Amino acid sequence: MLSLWLRRLSTDRIVRSRKHETFAPLVITGRRGNVEVLTAADDAARRLGLMPGLALAQARAMHPGIDVIAEDVEADTALLDSIADWCLRYTPLVACDMPDGLLLDISGCAHLYGGERELIADLSGRLEKSGFAYSLAIAGTIGAAWAAARYGEPASYACGEERSVLVSLPFSALRLSPAMVTSLARVGLKRIGDIVDLPRAPLTARFGPDLLRQLDRALGNEHEPLTPRLPVAPYVAEQRFPEPIGREEDVLAITLRLARRLQSALEHGGDGVRRIELSLFRTDGVVRRIAAGTSRPLRDPEDIRALFVERLAALADALDPGFGFDMARLSVIVAEPCPPEQIGIGSSEDAAELCRLVDRLSARLGPRRVRRLVAQDSHIPELAETAMPAQAVNGDAGWSAFRRYRNEADLPPRPLRLLARPEPIEAVAEVPDGPPLRFRWRRALHEVIAAEGPERIEGAWWSEHGGPARDYFRVEDKSGLRFWLFRAGLYRDLAHGAGAPAWFLHGTFA
Amino acid sequence: MIDQLRQRLQALQRRPGIEGRPSTLPFGVPAIDTMLGGGLIRSALHEVAATGEAHLPAAAGFALAVVKHVAPSLRLFWIAEDMTFAESGVPHGAGLDAFGLAPEQLVMVSAAHRRDLLWAMEEALRCGATTAVIGEMRAGAIDGVAIRRLSLAAAESGTLALLLRTEPPGDGSTATTRWVVGAAPNTNVIPGREHCERTRNPETDSEFVSGFRARTFGASRNDEKIKPRLAAQLVRNRRGPTGSWILEWSDSNGQFILATHAQPLAATALHRPHRQVA
């Protein structure tokens with residue numbers, strides 16, 4: 001377990017964003033209660049004795065020359081997130097340790113760098129280059145790593161010796177509340193070593209279960225789970241490059257190579273890809289993540305490459321490799337059991353071809369732009385069917401059930417196209433329940449010469465927002481245009497205090 | 001050598017889908033089918049334009065009627081720009097079903113702009129598994145090269161391509177046929193005559209016991225349901241003459257029948273507000 005502490009995250013953020021170096025001590029302030037206090041200070045300010053927690057007025061009185069900047073928690077969080085993204089190069093299990101730390105589960109990953117100490121060297125080198133003040137520690141447990149990073153030697157390595165590292169550290173290293181640390185200090189307990197060998201029962205009785213739980217977690221007697229920022233991909237393939245790559249063709253070639261590597265693993269697990277993500281790690285620390293979905297479990301490397309061809313073509317801003325990518329990772333985010341390939345049945349080949357087309361279109365245009373109609377369980381026309389992303393729909397999408405219903409109910413004609421929502425029209429109609437004689441829709445006047453109906457469609461009377469009953473008419477105007485329009489509400493309800501019925505146009509017939 | 005090159009040149013210049021007895025989609029209306037030489041060519045691009053924005057549903061109906069003949073197991077892609085589905089409405093599954101098209105076979109694609117639309121159309125055409133592709137675009141000219149590309153893609157894969165447009169385009173076209181379609185009024189209708197389907201309850205011997213009446217206002221002369229009519233004009237045909245017909249959609253056999261043998265003798269009077277009456 002590696003704990004990384006970015007000691008001066010907020011001030012480092014300001015300094016990094018500046019073009020010119022300034023030498024004035026930098027402090028970050030924020031409002032706590034009614035007082036403007038320092039929330040962070042850089043090393044120069046700390047040397048002057050300006051510590052976080054000090055009131056701004058007092059700090060200004062002490063040193064008028066300081067550089068004061070208001071805090072921006074969101075920017076800090078975003079920066080931490082991007083560093084966490086960047087740390088994905090070491091391990092897929094990265095958790096944010098708010099407000100200014102990261103936890104990396106590097107078990108099983110360190111050998112890729114030639115060992116844990118080499119990994120630390122690589123990480124520290126890159127952090128130094130980007131201008132972050134940091135300290136980090138590797139230990140067997142989250143608690144011990146956290147404590148060692150913040151209170152131990154910088155870049156310390158404490159695997160297997162958690163106990164000896166911890167005993168000399170103060171209680172705040174156990175991530176206890178300040179109140180607890182104070183009450184421990186009040187009885188003369190200052191260091192963790194003071195309680196390690198004390199009987200447990202009296203400690204729990206006096207200080208509550210938290211103290212010993214934190215101690216047990218740090219010592220590894222109790223398991224502490226890590227909550228990674230991103231879900232862990234079931235299948236991952238990655239490639240590091242000695243020389244950064246930048247051209248789109250190279251990226252696609254790498255994607256193909258990684259997909260080939262994934263293929264055997266996927267076949268072994270009997271799975272196929274439903275959603276896949278390509279992460280490209282730029283040399284300057286920016287990570288580009290590009291995801292693509294599929295409409296059926298997929299294994300073929302060529303198909304996976306084809307998805308990314310479209311995704312890269314559709315990127316609003318070009319790939320922007322900067323100085324190049326030095327690592328690429330292909331991770332399967334969602335995998336689904338994939339039946340073994342059937343060969344030789346013509347229609348299934350066609351279906352596969354169609355799925356490929358849908359995937360390609362969805363990758364380029366976005367899944368919400370490629371849709372299929374799904375029959376829903378409702379009698380209200382606009383709710384009776386919805387358009388869903390085609391990748392998410394399979395089978396007959398409820399239409400065979402609809403056909404059974406239609407045959408039983410002898411459904412009156414339905415329009416070929418339905419407007420997104422019924423559009424109000426001005427209509428002159430026979431009272432109480434006649435069809436309109438003429439109406440105005442989108443500023444054009446239509447003279448009705450023929451009408452069929454009404455077809456009564458009740459509103460959802462069981463719901464408060466169900467709306468009134470509708471009487472649908474199919475009308476034809478003088479020039480032969482055919483419309484589907486309805487009157488919402490009944491004239492007879494006018495007596496019961498309902499509003500006057502209104503007319504709407506809902507669809508068009510061929 | 002020269003002969004060989006000439007032959008190669010000829011092979012390259014061959015217009016797609018014209019030579020070699022292409023498979024056709026007959027309308028079922030002999031007058032049109034003979035003019036088209038058996039019907040619409042299946043592996044080609046056809047343009048269907050509405051006479052005006054308001055007549056788009058009729059043009060769409062015409063296109064879908066053509067699509068209906070393509071294959072028993074249809075795979076239809078309907079590709080349009082974002083605004084089109086919002087303005088003219090989304091294809092309605094229940095309506096398609098009543099029209100005889102299986103709604104589960106329809107994939108709707110909306111594109112943000114014209115370039116994406118043409119790209120999506122070409123992709124869908126090049127994929128061998130689709131049987132028909134409808135591309136719907138609003139007013140505005142299309143590049144001749146784009147039309148040519150779509151024609152070639154359709155010819156290669158044997159897919160029917162239909163370009164649906166909101167108004168008759170002024171530009172020339174390399175499409176195999178171009179149709180201008182509008183709705184036509186049904187002359188059989190007696191305007192305004194009310195025709196009630198009376199329901200008589202034998203027990204109470206009263207009419208309209210069900211609370212409201214189902215009726216048709218403006219009935220057809222022979223008391224049938226009103227059939228939709230289209231005025232279809234073939235304005236461009238690469239294989240022969242052009243013509244214009246009034247077609248009637250017959251629900252019972254699911255195809256067009258010729259409603260009149262010719263256009264109405266006298267055209268309807270034009271609306272001329274700028275002409276002052278003396």
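**Exercise 1. Strand pairing.** In this predicted model, in which sense do strand 9 and strand 12 of chain A pair, and over how many bridges?

*Solution.* Take strand 12 of chain A, residues 325-337. Strand 9 of chain A pairs with strand 12 in the antiparallel sense. Seven bridges join the two. For one point of register, find A:V236: A:S331 in strand 12 of chain A stands opposite.

**Exercise 2. The sheet.** Give the strand order of the open sheet of four strands in chain A. Then find which strands stand at the edges.

*Solution.* The order is 9-12-10-11, with antiparallel pairing. Strand 9 (235-245) and strand 11 (287-298) of chain A each have a single partner strand, so each has one side without a neighbour in the sheet. These two are the edges. From one strand to the next, the twist averages 15°.

**Exercise 3. A helix on the sheet.** Which strands of chain A does helix 13 of chain A lie across?

*Solution.* Locate helix 13 of chain A at residues 301-314. This helix lies across strand 10 (271-282) and strand 11 of chain A. Its angle to strand 11 of chain A is about 130°.

**Exercise 4. Two packed helices.** Describe how helix 1 and helix 4 of chain A pack.

*Solution.* Two numbers are needed: the angle between the axes and the distance between them. Helix 1 covers residues 9-17 of chain A, and helix 4 covers residues 73-87. Their angle is about 90°, and their axes are 10 Å apart. Angles of 65 to 115 degrees count as roughly perpendicular, so helix 1 and helix 4 of chain A are roughly perpendicular to each other. Helix 1 of chain A contributes A:L9, A:S10 and A:R13 to the contact. Helix 4 of chain A contributes A:A75, A:D76, A:L79 and A:L80. By class, the contact residues are four nonpolar, one polar and two charged.

Technical notes
Residues are numbered from 1 along each chain as its sequence is written. Chains are lettered from A and ligands numbered from 1 in the order in which they are written. This is a predicted model: local features need pLDDT of at least 70, side-chain atom pairs count only at pLDDT 80 or more; totals for chains, interfaces and linings use all residues. Two strands pair if DSSP finds at least two bridges between them. Axes are lines fitted to C-alpha atoms, for helices over the stretch in contact, and angles run from 0 to 180 degrees between N-to-C directions. Two residues are in contact if their C-beta atoms, placed from the backbone, lie within 7 Å. Angles under 35 degrees count as roughly parallel, over 145 as roughly antiparallel, 65 to 115 as roughly perpendicular and the rest as oblique. Ala, Val, Leu, Ile, Met, Phe, Trp, Tyr, Cys and Pro count as nonpolar, Asp, Glu, Lys and Arg as charged, and the others, Gly among them, as polar.
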